[in-house]
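Thank you all for coming. I would like to walk you through one model this morning, so please have it open in front of you while I talk.

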Amino acid sequence: MITRLGRDRRRAVGRMAVRRLLLAVPVLVLTSVVVFGLAAASPFDPLVGYLGDRYLTAGAAEQQQLRDTLGLDDPWYEQYLRWAGSLLSGDLGTSRSYGQPVADVLAERLPWTVLLAGTALVLAVATALMLGVWTAWRQGGVADRVVTAVAHALEGVPPFVVALAAIGIFALGLSWLPVAGLTDAGAAVSVGQVSRHLILPAGVLAVSQLPWLLLHVRQSLIAAFGEDHVVGARARGLPARTVVLRHALPTALLPFVTLVGTRLPELVTGAILVESVFSWPGVAAAVVRSAMQVDFPLLAALTLLAAVVVLLGSLLADVVYTVLDPRVAADG
Amino acid sequence: MAEVRTKERTGDPGGVGFGGWFDAGRVWTRARGSRRRARLTARQRLFVGIAVLAGLVVYAVLVPIIAGLDERLVDLAAAGSAPSLEHPFGTDQAGRDLFVRTAAGLRVSLLIAGLCAVISTVLGVAVGAVAGAVGGWVDRIVMRLVDTVNAVPHLLLGIVIVALYRGSVVAIVASIALTHWAPVARLIRSEVLSLRQREFVDAAISGGASRRWVIRRHFLPAVIPQAVLAAVLLLPHAVWHESALSFLGLGLPPHRASLGTLLDEARESLLLGSWWTLVFPSLMLVVATLAVAACGAAWRDHVLPRRRAEEWA
């Protein structure tokens, strides 16, 4: 299904990507304004964040002096411009809850989140494709009925319930897998340790995304069975396997690409919950900790990071879609 | 191929779920000799959903009254006891009866979620109707705002809001309501845009109707069925959102029972082997979510029989 792209088409796709990137700029600026505005309007005093425990012991004069130095009494737009300026120059500020620069926190924790979310996404997509094709093929059969019923029921189960149930069954009941963490207590970080600890969180995150993906594959495949080219292939007497995998599946997969792109926010949401339940040392768990301690620099950086990921994800999905399907106009 | 019935709506197995699934290509399976299963009609699904929901509401409202127990009542002698006749759902680590506590939690969660669903629907309808009706730069700005709210995962934005305005129910309600209006606004806007093309609107405008009049008399009544549907479908999301916040320790304070705080407590008691602290509150959460979703799906079939399900997930 990979088509060789003509030069015009390649240019058109490139133009689309550039246009979408340009459109992402105002969205990101607006996101930063919203986050900053929420912080500026909140009753929380940034000086408390700056001083931490010393806030109580510092005298009023010292506090006022700090306020002047930090420019906390300036109008909000000056504060915003200063904050955004340092953000753009790469200075993300210092995280109070971790006691180190925000950039270091991200560098330390981002790889673990990418590992977890990436594994989960691959697992979910692979399972969804397999089960989706199977259930659509055998539509109305026992397996189809069981799988769709379970998938519909799973749509109503939040990720943290899945996580707790998985811990209860596989970690506590059967003692197959560790309860939480990246490694056993005191053990060094090694491939064996991490992969054993990865199974449950990645599995739970995959299961929490699975129902939507699976039902979508099944549904678009069933719709594809009714299309002319598939009916034609069947009429020519091609084996069912060829018809399903080579004729129906490619058309059914196209909207699936978009769906995976639009599910990214849910993946982030799931990661926040799953990392927090399993004490996974990723950035998503850092969201909760920084929120608990009103660690604004880290919280703002993480929010913007999530927005970037979501925008890039939907851009990537659209580019892939346009590259794969020559019928789609590349001007969206 | 006369038998291929495309775009026909049929029930889901189990009668639940957000998606309305179409049944194209049935010939394929008939050829394979599968049997037709008995399906629930939309009306039956609505009744089942409403009955389950009514049961939950009765449980949430009446049990705390009838039991005559305070859900915060600590009885250390009975701490961590398994489900029994005296405590049908068992007790937690402080000996609080979970049957009563779950009812109280369900009530709090449903109340907060209902409030949030209504607020964000009203907000979404107002924003969407104005954007669609006014058009121009107002529309463009509003749509950028919608993009922005959609670009940040809802739970993350909600966490930012509750973190900065800590410890009040208002903050929780705001955190949910302010993150869920965007899809409603987009839906209502597109509905209004298509209404603008209709002849009765042209007639009203050429008859001298003001923009405000057209919005109030022609646009708003036309989008009300959609808005009600949106509110119903938002309810399970709001329940989730509230329980997720409380579960993470960012929502209601731990002594206030909500489904989220109960599950947060279950995290620890689960390690001590008290499976019932997890099972019963999460059962209530899941059943409530699915019942509302079933009602929403049935209502959608009723008001919008030909429309493909919007992605509310």
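I will begin with how far the model can be trusted, then take the two chains, the contact between them, and two details.

This is a predicted model, in which local features need pLDDT of at least 70 and side-chain atom pairs count only at pLDDT 80 or more, while totals for chains, interfaces and linings use all residues. Residues are numbered from 1 along each chain as its sequence is written, and chains are lettered from A and ligands numbered from 1 in the order in which they are written.

For the complex, the predictor gives an ipTM of 0.79 and a pTM of 0.77. Chain B has an average pLDDT, the predictor's confidence in each residue from 0 to 100, of 75, and 77% of the residues score at least 70. Over residues 1-38 of chain B the pLDDT stays under 50, and there the model has 79 contacts beyond four places in sequence; a contact means two C-beta atoms, placed from the backbone, within 7 Å. Residues 308-313 of chain B also stay under 50, with nine such contacts. Where pLDDT is low, the predicted coordinates should not be read in detail.

Turning to the chains, chain A has 14 helices and two strands, counted as DSSP runs numbered from the N terminus (helices are H or I with at least four residues, strands are E with at least two). Its C-alpha trace spans about 90 × 55 × 35 Å along the principal axes. Chain B has 10 helices and zero strands. Of the 332 residues in chain A, 37% are buried, and of the 313 in chain B, 52% are; buried means 20 or more other C-beta atoms within 10 Å of the residue's own, with C-beta atoms placed from the backbone.

How many residues of each chain meet across the interface? There are 55 residues of chain A in contact with 55 residues of chain B. On the side of chain A that touches chain B, helix 1 of chain A gives the most, with eight residues. By class, that side has 39 nonpolar, 14 polar and two charged residues, where Ala, Val, Leu, Ile, Met, Phe, Trp, Tyr, Cys and Pro count as nonpolar, Asp, Glu, Lys and Arg as charged, and the others, Gly among them, as polar.

The largest nonpolar core, a set of buried Ala, Val, Leu, Ile, Met, Phe, Trp, Tyr and Cys residues joined through C-beta atoms within 7 Å, has 167 residues, and those with the most contacts inside it are A:Ala163, A:Leu164, B:Leu156 and B:Val160. Helix 3 of chain B, residues 98-134, gives the most to this core, with 19 residues. Beyond its neighbours within four places in sequence, A:Ala163 is in contact with residues including A:Val204, A:Leu273 and A:Phe278.

My first detail is helix 11 of chain A, where a kink of about 50 degrees lies at A:Leu249, shortly before the proline A:Pro250; the bend is the angle between axes fitted to the seven residues ending there and the seven starting there. Among the buried residues of this helix are A:His247, A:Leu249 and A:Phe256, and what covers its buried residues includes helices 6, 9, 10 and 14 of chain A.

The second is B:Val146, found in helix 4 of chain B. Why is B:Val146 counted as buried? Because 22 other C-beta atoms lie within 10 Å. Not counting residues up to four places away in sequence, B:Val146 touches B:Ala182, B:Ala185 and B:Arg186.

Definitions and conventions
A residue is buried if 20 or more other C-beta atoms lie within 10 Å of its own, exposed if 12 or fewer, and partly exposed in between; C-beta atoms are placed from the backbone.
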